[in-house]
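Here is a walk through the strands, helices and ring contacts of one protein model. Have the viewer open while you read.

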Amino acid sequence: MSASRDEPGRPEPRVGPVPEGEPHFQPYRHPAAGWGAAKSVTRFMVREGALRDGPRAIMRMNHENGGFDCPGCAWPDDTKGLHLDICENGIKHVTWEMTRKRVGREFFAAHSVTELSGWSDHALENQGRLTEPMAYDPESDHYVPVSWKDAFATVGRALRELDSPHQASFYTSGRLGNEATFLYQLMARELGTNNLPDCSNMCHEASGRALQAALGTGKGTVDLKDWEATDALFILGVNAASNAPRMLTSLAEAYRRGAQIVHINPLVEAAATRTIIPHEFTDMATFQATRTGTLNLQPRIGGDLALLRGIAKAILEQAGTDTKALDQEFIDRHTTGFADYRALCEATPWEELERQSGIDRAGILKAARIYRDADRSIVSWCLGISQHEHGVDTVREIVNLLLLRGNLGREGAGPSPVRGHSNVQGNRTCGIDHRPGAEFLDRLAQVCGIQPPREHGLDTVGTVQAMHRGEVKVFVGMGGNFALAAPDTPYTFTALRNCDLTVQVSTKLNRSHLVHGRRALILPCLGRTEKDHQRTGIQSTSVEDSMSMVHRSVGMKRPASPHLLSEPAIIAGMARAALPDSDTPWEWYVEDYDRIRDTMAKVLDGFEDFNRRVRLPLGFRIKQPARELVFHTPSGRAEFSTAPLPDVVPAPGTLALGTMRSHDQWNTTIYSDNDRYRGISHLRTLVFMNQADMRERGISPFDPVDITSTAKDGSRRHLNGYLAIPYDLPRGCAAGYMPEMNVLCAIGDYSRQSDQPIMKHLKVIIDPAG
């Protein structure tokens, strides 16, 4: 059993000189961000030839007046008008997009799809920006140029010839702006299908379903001002230094004002220790670091629910002698199900909570004391919580804990999921939902004059399975890299190749262009940094951050190619070709995005007066009824849940493995084979392991190992020759990088609660390579 600890233990580094370019592990001992981030960004801009455009972009990114929204994470913009509201990953993401390298017809003429399929994913994206639409020619095995008119005609003809609109599926990643999102779902629903899978299906579906069930809203209730006022922050399953680096500013500010910060994660990540914020120039000049945590707890993978219930049990036990431990008035007035939840906690033995969480009772009680002593607490989480079989139950347990002390509906308190991509929350708000609500569909029908389908559509897993069976024949991907992001890589590849037509709307070359249907199109679009010229002038788009703030984004650069179209224009072109008799004014919408927003204001709850409000400084916040203690639940109250405690202790000989990003990576985009905050250089084919687990299996540091996963159906998947890296992980746990390890997650290994692939909790056997 793993005890709690304030500072992580560290395995010893490899001894001896390391030749340049050779895989290497050197434990990271420095503050997050700071000079390490500054040096990394500078090297990256030099490599991409962006020493002029990069600094210009930095001064325009995340600014409230005339700037563009960072295409990286969904962390909110600073409320104090910070002039450098940026981070290392955001700058890299923008620089990667602004590269001067180009991928045009000459490139595709020189390289066949078969040849490109042997390239690394980094090498593919590193070729630069796509410049014109391309169609796959099976006779030559090359992509060849195609006009936009002919590309749209190909899409339209394929969709019109389907026996059913349900034979098409329309995927989107979080990069799509709100206006394009609205047009995209309108096209799909006018065609007659709700097959609208998105990246939420793989990331935060569990969060949305849990919050909807408990509070009547699928989103968090707090904003950045709450982070600035809270007394205690509980951060679960989040690698903030890499996935939401601007959170470091909030953590440092919270520590300075005396807030308690509890990090709960099997790995002690760099953001859980200390940081130097780059825009705090005095600290940078003096190398003055600020702590970003006051307690680190390392539960076993999947043990968070047991840990949260242990904190709740401690609070309930204390309530017998401490009248302020519970907010009984809040519970009585605003909740239902408390008596059953209390009985469940009382009936759960401490020994079982310790065994399942992997944290001893002393560690759980330490966290409970912090929670009890804080007047206002926020609980924040990311994929380390949601990508599990019991992700919905765990998020509901977070809500249970918050309700015990009335940490809802007041400043500095509430649930705060951390969405990973810049507009993934906005996609869902604006209609990308395979399970749309009746009220939304009614408004869409009334305002847009269509008859949207009412039956549920396919999500990401369902789409892959339907393509594999040959039931989905046309796949359209708006952004992202679906072939690598989805689970069970070989199965997904076969599914995509079964399609009659695959269409990828992209800015750069990636694996999804090479794993395609019998016919395939690459449609290149504008990037977030580029000016979007339409008939009425330069257009703005909008995005929604992870705390429900909606704000404008205006590009600053000349497009990478004169042949690029905006995402709204591409969607409108496909829609007109597929729906030639449609009364929807597709072309009129594209002439002026204000017209799209006027329609959205009539359809979407909370978007009233959209065009005026989005132009306000920092935009506007979508109303959150649960924040006002208005609960759209069956009971009209916040609802306690009473989920059984799952057994997450690995069987003898097996380990629980979680996949994750490296630091020099954004989703499936890999900038380099380095992971600075975990001390890795020039290596991605690795697995992090507890040293005792390694010794038990006869594995020495840096030995090659074979990894075998066992799916729910008993089938097995393998990765061979990965290097074992000793790391500070609880016994029975291991970790490695996605997308390489997605092969270990079977298509059937998804949560029955959320339908999400369980990429953070795979059952594996790791043996010396044989």
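What follows covers two sheets, one buried strand, two helices and the aromatic contacts, all from a predicted model.

**The six-stranded sheet**

Let's start with the open sheet of six strands, which runs in the order β6-β5-β18-β17-β16-β7 with mixed pairing. Its edges are β6 (142-145) and β7 (168-172), each of which pairs on one side only. On average, neighbouring strands here are turned by 20 degrees against each other, direction ignored.

For a look at one of the pairings, take β5 (residues 134-137) and β18 (residues 519-524): they run antiparallel and are joined by two bridges. Ala135 is the residue that stands opposite Leu521 in β18.

**Helix α7 and what covers it**

Helix α7 (residues 148-160) has 13 residues. From first C-alpha to last it reaches 18 Å, close to the 18 Å expected at 1.5 Å a residue. Its buried residues are Trp148, Ala151, Phe152, Thr154, Val155, Gly156, Ala158 and Leu159. Which elements cover them? Among them are four strands you've already met in the sheet, β7, β16 (474-478), β17 (501-506) and β18, and the cover also includes the helices α8 (178-191) and α26 (567-578).

**The three-stranded sheet**

A smaller topic next: three strands, in the order β21-β22-β23, form an open sheet with antiparallel pairing. Here β21 (541-544) and β23 (620-621) are the edge strands, pairing on one side only. Strand β22 (residues 549-553) is joined to β23 by two bridges in the antiparallel sense, and Val550 stands opposite Phe620 in β23. Helix α8 packs on this sheet, where it touches β21 and β22, and its direction makes about 90 degrees with that of β21. So α8 turns up twice, as α8 is also part of the cover over the buried residues of α7.

**A strand covered on both faces**

Is strand β25 (residues 655-660) mostly covered or mostly open? It's mostly covered, with six of its six residues buried. One side carries Leu655, Leu657 and Thr659, the other Ala656, Gly658 and Met660, and both faces are covered.

β25 has two pairings to look at. With strand β33 (residues 762-768) it pairs in the antiparallel sense over three bridges, and there Leu655 has Val764 as its bridge partner. With strand β32 (residues 733-737) β25 runs parallel, joined by five bridges, and Leu657 stands opposite Ala734.

**Helix α12**

Why does helix α12 (residues 247-256) count as largely enclosed by the rest of the structure? Because seven of its ten residues are buried: Met247, Leu248, Thr249, Ser250, Leu251, Ala252 and Ala254. Just after α12 comes Gly258, with a positive phi of about 95 degrees.

**Rings and charges**

Searching the whole structure turns up 24 aromatic pairs. Tyr341 and Phe640 are one of them: the ring centres are 5.5 Å apart and the planes are at 25 degrees, and since planes under 30 degrees apart count as stacked, this pair is stacked. The two rings come from distant parts of the chain, 299 residues apart, with Tyr341 in helix α16 (residues 338-347) and Phe640 in the loop between β24 (638-639) and β25. Both residues are buried.

Trp588 and Tyr589 give another case: their planes are at 45 degrees with the centres 5.8 Å apart, so this pair is tilted. Burial differs within the pair, as Trp588 is partly exposed at a relative accessible area of 42%, whereas Tyr589, at 6% relative accessibility, counts as buried. There is also one aromatic cluster made of Phe25, Phe688, Phe702, Tyr727 and Tyr737.

Two arginines have a ring beneath them, and the table gives each distance to the ring centre.

| Arginine | Ring | Distance to ring centre |
|---|---|---|
| Arg405 | Tyr371 | 6.0 Å |
| Arg676 | Tyr677 | 4.7 Å |

In the Arg405 case, the charged end of the side chain sits over the ring of Tyr371, and Arg676 lies over the face of Tyr677.

Key: Residues numbered from 1 in each chain as written. Predicted model: local features only at pLDDT ≥ 70, side-chain atom pairs only at ≥ 80, totals over all residues. Heavy atoms only, no water. Pairing = 2+ DSSP bridges. Axes fitted to C-alpha atoms, helices over the stretch in contact; angles between N-to-C directions. Buried < 20%, exposed > 50% of the residue type's maximum accessible area, 1.4 Å probe, protein only. Phe/Tyr/Trp six-rings, centres within 6.5 Å; stacked < 30°, edge-to-face > 60°. Lys NZ or Arg CZ within 6 Å of the ring centre and 35° of its normal. Expected span 1.5 Å × (residues − 1). Contact = heavy atoms within 4.5 Å.
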